[in-house]
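Subject: Structure for your review

Dear colleague,

I am passing on the structure that we discussed, and below it I set out what was found in it. Please read the notes with the structure open beside them.

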Amino acid sequence: MGCSASVQTTPKDSSSKYGPMQGKLNINKINAAIDDIVKACKGAGTDEQVLINITANCNSYERDAIVDAYMQKYNKSLSDLLKSELSGNLDKLFVGMYTNRKIYWAEQINEAVKGAGTDEKKLIDLVVSLGTEFIDVDRLYNQMYKNCIHETIVSECGNAPYSKLLQQWLTASKSHNETPEKTAEDLFKAADGAGTNEDVFIKIMTTMYPQHYQKVDAEFNKRYQKSLRSVIKAEFSGKSEYAFLAVHDYLMAPPRFIANMLYTAVKGLGTNDDQIIYCTVLHADVFAKHVASAYSHMGLGDLKKDIKGDLSGKYEKAVLAFWKL
């Protein structure tokens with residue numbers, strides 16, 4: 001399937017009930033934010049806390065408006081100002097927050113695949129969460145990098161199970177019409193015995209609407225006295241385990257998928273700051289009110305405590321503020 005072919009459908013987006021809607025912009029708020037940003041960046045030191053407060057108080061649409069209005073007023077790029085005033089992870093976080101969200105999405109997909117090696121987990125994070133925004137992001141990606149996301153996955157990831165899952169996630173039509181009972185049985189049989197029939201998992205997970213998949217999950221749990229998620233975790237490994245769990249969590253409830261992404265970023269000996277930053281830029285606006293409870297419900301711990309334990313300084317304060325923690 002080349003870039004000239006259109007996808008059959010996009011993954012059913014179950015995130016529409018979360019987060020801010022675009023609404024009407026408050027021009028006074030936009031102009032006041034610009035004035036405060038300029039004041040915070042004047043003089044010998046930068047008032048980073050003011051920048052954090054302004055940014056946390058605006059959604060992505062308002063931040064886009066701030067970027068445009070700043071350019072009109074000063075004939076300069078706001079990202080250039082931020083880069084000159086901030087450094088390290090705080091710089092990357094703020095530049096991301098003041099980049100158009102769909103352009104940033106396309107840029108991050110390119111970051112995941114450019115160079116000698118592909119960051120497969122980052123690519124999985126970015127692709128699984130596209131939802132109904134896939135068409136716009138894919139169009140921008142094609143304009144910016146002269147390729148489409150589907151073909152990029154094919155060329156970078158080959159025929160590995162997780163690659164086939166991502167490809168079908170983007171292109172498969174929502175045509176699955178078996179009953180929850182029959183589908184649960186099919187999944188159990190696909191995981192039973194010496195080998196896993198990954199094609200059955202791929203077909204079911206990419207052709208079902210979330211509300212149907214949730215019924216299958218409940219039926220599987222009731223019938224076999226174990227969770228479907230635990231079976232996926234046991235049957236797959238490495239990148240494929242990560243991808244199949246990501247799709248499962250997204251279908252069950254997008255905040256679970258986001259919560260696990262943040263957990264992956266902070267667990268273990270090192271912190272994946274890149275994952276924290278792109279997760280925050282792309283998803284904090286939409287899921288901030290829901291992620292902490294999902295994190296706890298999944299048994300991952302206390303999100304605020306985990307972030308505070310891994311991050312420090314104004315970078316920590318910014319991440320906590322953007323997630324409303």
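Domain 1 and domain 4 bury about 1,200 Å² between them, with 73% of that area on carbon and sulfur atoms; buried area here is the accessible area (1.4 Å probe) that two parts lose on being put together, summed over both. The model is a predicted one, in which local features need pLDDT of at least 70 and side-chain atom pairs count only at pLDDT 80 or more, while totals for chains, interfaces and linings use all residues. Residues are numbered from 1 along each chain as its sequence is written, and side-chain values use heavy atoms, with hydrogens and water left out.

The protein chain is divided into domain 1 (27-98), domain 2 (102-158), domain 3 (174-252) and domain 4 (255-324), with bounds that come from an automatic or database domain assignment. Between domain 1 and domain 4 the C-alpha centres lie 22 Å apart, and the contact (heavy atoms within 4.5 Å) takes 16 residues from domain 1 and 13 residues from domain 4. Across this interface the rule finds 1 salt bridge, a term that stands for a side-chain nitrogen of Lys or Arg within 4 Å of a carboxyl oxygen of Asp or Glu. The side chains of Arg 63 and Asp 285 meet in a salt bridge, at 3.0 Å from N to O.

Turning to the interior, the largest nonpolar core has 105 residues, and those with the most contacts inside it are Phe 94, Ile 149, Phe 201 and Trp 323. Such a core is a set of buried Ala, Val, Leu, Ile, Met, Phe, Trp, Tyr and Cys residues joined through side-chain atoms within 4.5 Å, where buried means under 20% relative accessible area, exposed over 50%, and partly exposed in between (1.4 Å probe, protein chains only). Helix H17 (residues 273-297) gives the most to this core, with 13 residues; helices are DSSP runs of H or I, at least four residues long, numbered from the N terminus.

Cys 279 is found in helix H17 and counts as buried because its relative accessibility is 0%. Leaving aside residues up to four places away in sequence, Cys 279 touches Ile 258, Met 261, Leu 262, Ala 284 and Trp 323. Its C-alpha atom is separated by 7.4 Å from that of Ile 258, which is 21 residues apart from Cys 279 along the chain.

Tyr 242, in helix H15 (residues 238-252), also counts as buried, because its relative accessibility is 12%. With the same sequence neighbours left out, its contacts include Lys 121, Asp 125, Met 261 and Gln 275.

Lastly, the structure holds 11 aromatic pairs, meaning rings of Phe, Tyr and Trp (its six-membered ring) whose centres lie within 6.5 Å, with planes under 30 degrees apart counted as stacked, over 60 as edge-to-face and the rest as tilted. Tyr 70 and Tyr 74 form a tilted pair, 4.9 Å centre to centre with 40° between the planes. Because they are 4 residues apart in helix H3 (residues 60-74), these two tyrosines are separated by about one helical turn; Tyr 70 counts as buried at 6% relative accessibility, whereas Tyr 74 counts as partly exposed at 31%. The rings of Tyr 250 and Phe 257 have their centres 5.9 Å apart and their planes at 80°, so that pair is edge-to-face. Both Tyr 250 and Phe 257 are buried, and ring pairs link them with Trp 169 into a cluster.

With best regards
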